[in-house]
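These are my notebook entries on a structure that is new to me. I set down what I looked up, in the order in which I looked.

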Amino acid sequence: MKKWIIPVVIGLLALTAVGVWGYNQQLARRDLENYLGNKYRRAFFDMAGQVQNVEVLLSKSLVAADPRLESSLLNDIRLQANFAQSNLGQLPLNDALAGRTSKFLTQVGDYADSMVRQISQGQAIDGSSWDTLNSLYQQSTDLNRELQGMQYQVTQNNLYFGELLSQIRNNLQKQPDNLAVTNFQAMDKQMQQYPTLIYDGPFSEHLEKTEPAALDGEGEVSAEEAKNRALAYIDKRAGVQYQATVTGDANGRIPAYRVEVNPGQEGGDTTQLDVSRVGGQVIWMLQGRKAGQPAVDIEQARQKALGFLKDRGFGEMRSTYHILHGNFATFNCAALQDEVTIYPDLVKVTVALDNGEVTGLETSGYLMSHRKRDLPKPSISQEQARAAINPRFEVSGGKLALIPVGTREERLAYEFQGKLGQESYLIYVNALNGREENILKLIDTPGGTLTM
Amino acid sequence: MDDHLITCLLSAGFLFLGRLHKKWITRKNINILSGGWGIIFKECSVSKRIILYSFCALVLAVAVVTLYYRQAAAQTQGVSWGNSGDEVTSVQNRLSQWGYYTGSLDGYYGYDTYRAVQNFQRNNGIDPNGIVGDATLDAMGLSSPAAAPSVARGAATDQGDVSLLAQVIEGEASNESYLGKVAVGAVIANRTKSASFPHTISGVIFQDFAFESISNGQAYRPVTSESVEAAQAALAGYDPTGGALFFWNPYKPVSSWIWSRSIITQIGNHVFAR
């Protein structure tokens, strides 16, 4: 036995131990970095969303006429500005950007607060306050644009936050102990909204409802029947034999059979559908295919979507808004009753723009709320309703619509389109008491018009 | 003053001025016929002419001044007691919104409206004269601005939410079918509407321990177009999960707690539950 073996073994053991320790340290550091990075990402994206909310709320506050609506908008502005500011405070940003942004957010919050006080004392928003709101709105637009640029960078290459983190590592002697998440989110009200098709965001809260109104009193259907119902919904191509199979169950809000429809060879792609056990209605349908170059224009696609619904027993429907994604267009179609647009009864139809085939359908909102309604008679005229709108607006339209308010209530309102500068809004004036019920801002995106 | 009166005054003034010479001649003859008085008249003729001219000028001036004041009044006066019409209705409407006016929106400016206007004016630091003038209209937000106000074009988009959602879909369900991807997106969208979760896409995604691919950083890689399309479909409202709030891979070890949730369905390698 040679004498040098023992020190070598000890050395190797020590080396291994150090290696393992180092590797664990490395893993732990990476985990922590990930953790911290995610905290920053969340704070950043939340803040970006809240600044966007501030922008949209400010623009609504410019056009609201009813002081009750105005003060609720101003309250939301204050809240959103405060949220945005505390999220900003969690971000490792340099003072140049953070200081300016933080100051702006404080100002917006304070100003909104003072306006709410003013309104609660019965004082009106006069011309100069309006100008201040307008200038705050313009600043918020700039800030939002800037943040969106950063957001784009962050999602395109995550290097941004990585670099930020390595900077922090160099600057910090110890791990930051300030990772506690501030608990903003424990509010039941949906505070942050994202742009979405009309009456699809805060209003399509169907989760609370339990019984689908449209299926009330219907009988249970068998699996065989469900297959037939599914086949009837497929936008069939000529000369293709479709095969339907029940592949499982879905016990969601509306219990359903899951059906797969197979077009066989060369017939296209498989379509999946949920057919409700009660009433045998299709809840959703999706065909997982890609669409080629558009050969159908939007108007043709819209007619196709409306025709599709008509052929499948949906009564009179009106296409309200649409968005484009990939080479697909998704149309929002609302039910009509006595010429009144029933926004809660919403169906979404997706049309592939390459051949005009209907590849998707979503009816859960419709099934949850559709029924024949006892619509009240409007007690104020369209002209009287128009008088309730901010005179700065160029107003058009004025059709009656039933709009969802909160999760359960519905109100009959006149729907006006208003333009202020280059911005468009929808204004809803209650047809029974003349109150301004709601203002939605129309948001132009490359894919179509969304609302917030 | 009445519109007709002003018109009468104006036209009378002009008529007198126009016919003055003709009339003068006729009167001169009459004066000559009337003898002695005629001489006085004749002597006074120049001064009478001046009187007549100045009378005409006076009538015209009165008419013009009245007209001017009327227009000025129309600009500042707005509506006051005794008026009726659409403008009164808007004022009543606005006052009732603020809670100053509780009467009916009948479009007649009566005592109740008067009191309401005065209260409004007092509260807003305007002279409480009960007349809805420019300042009051402005305070009520009823004055239309002379020029269209310059309002910036907004910068709101849905890009942030779409790309974030696509990233998680890529991280959690890159091997799933399109349907499976939409389903994962729908769970996140459903969570934003649930009282038990944060109400923002970013809040849900970056919640601690919510998504493994976010915790371990695997989600941060280039996304495929299918993931982006699935994210758009989920945000457009497609929900193949029937309202699910949870999903997990049943072939991997997960906490036993999650199996206690009520399972809705399975799509690909994911179980979806409420």
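Entry 1, the term. Before reading any pair, I fixed the meaning of a salt bridge: a side-chain nitrogen of Lys or Arg within 4 Å of a carboxyl oxygen of Asp or Glu. I also noted that the model is a predicted one.

Entry 2, the count. I looked up how many salt bridges the structure holds, and the total over all chains is 26.

Entry 3, A:E410 and A:R371. I found a salt bridge between the side chains of A:E410 and A:R371, with N to O at 3.6 Å. This pair links distant parts of the chain, 39 residues apart: A:E410 belongs to strand β10 (residues 409-420) of chain A, and A:R371 to the loop between α8 (364-369) and α9 (382-387) of chain A. I then checked exposure, for which partly exposed lies between the limits of 20% and 50% relative accessible area. A:E410 is partly exposed, because its relative accessible area is 25%. A:R371 is likewise partly exposed, with a value of 38%.

Entry 4, A:E410 and A:R373. I looked up A:R373 and found that it forms a salt bridge with A:E410, in which the closest N and O atoms are 2.8 Å apart. Here too the pair links distant parts of the chain, with A:R373 in the loop between α8 and α9 of chain A and A:E410 in strand β10 of chain A, 37 residues apart. Is A:R373 buried or exposed? I recorded A:R373 as buried, because its relative accessibility is 7%.

Entry 5, chain B. I turned to B:K181 and B:E226, whose side chains meet in a salt bridge of 2.8 Å, N to O. The two residues are 45 apart and link distant parts of the chain: B:K181 lies in helix α7 (residues 178-193) of chain B, and B:E226 in helix α10 (residues 225-235) of chain B. B:K181 counts as buried at 3% relative accessibility, whereas B:E226 counts as partly exposed at 25%.

Entry 6, a network. I also noted that A:R237, A:R289, A:D354 and A:E357 are joined into one network by salt bridges that share partners.

Entry 7, a nonpolar patch. I looked for a nonpolar surface patch and found one of about 890 Å², made by A:W4, A:I5, A:I6, A:V8, A:V9, A:I10, A:L12, A:L13 and A:L15. Of these residues I followed A:L15, which is found in helix α1 (residues 5-63) of chain A. A:L15 counts as exposed, because its relative accessibility is 60%.

Definitions and conventions: Residues are numbered from 1 along each chain as its sequence is written. Chains are lettered from A and ligands numbered from 1 in the order in which they are written. This is a predicted model: local features need pLDDT of at least 70, side-chain atom pairs count only at pLDDT 80 or more; totals for chains, interfaces and linings use all residues. Side-chain values use heavy atoms; hydrogens and water are left out. Patches are made of residues with over 30% relative accessible area and no salt bridge: like charges are joined within 9 Å, nonpolar side chains (Val, Leu, Ile, Met, Phe, Trp, Tyr) within 5 Å. Accessible areas come from the Shrake-Rupley method with a 1.4 Å probe; for residues, only the protein chains shown count as cover. Helices (H or I, at least four residues) and strands (E, at least two) are DSSP runs, numbered from the N terminus. Buried means under 20% relative accessible area, exposed over 50%, partly exposed in between (1.4 Å probe, protein chains only).
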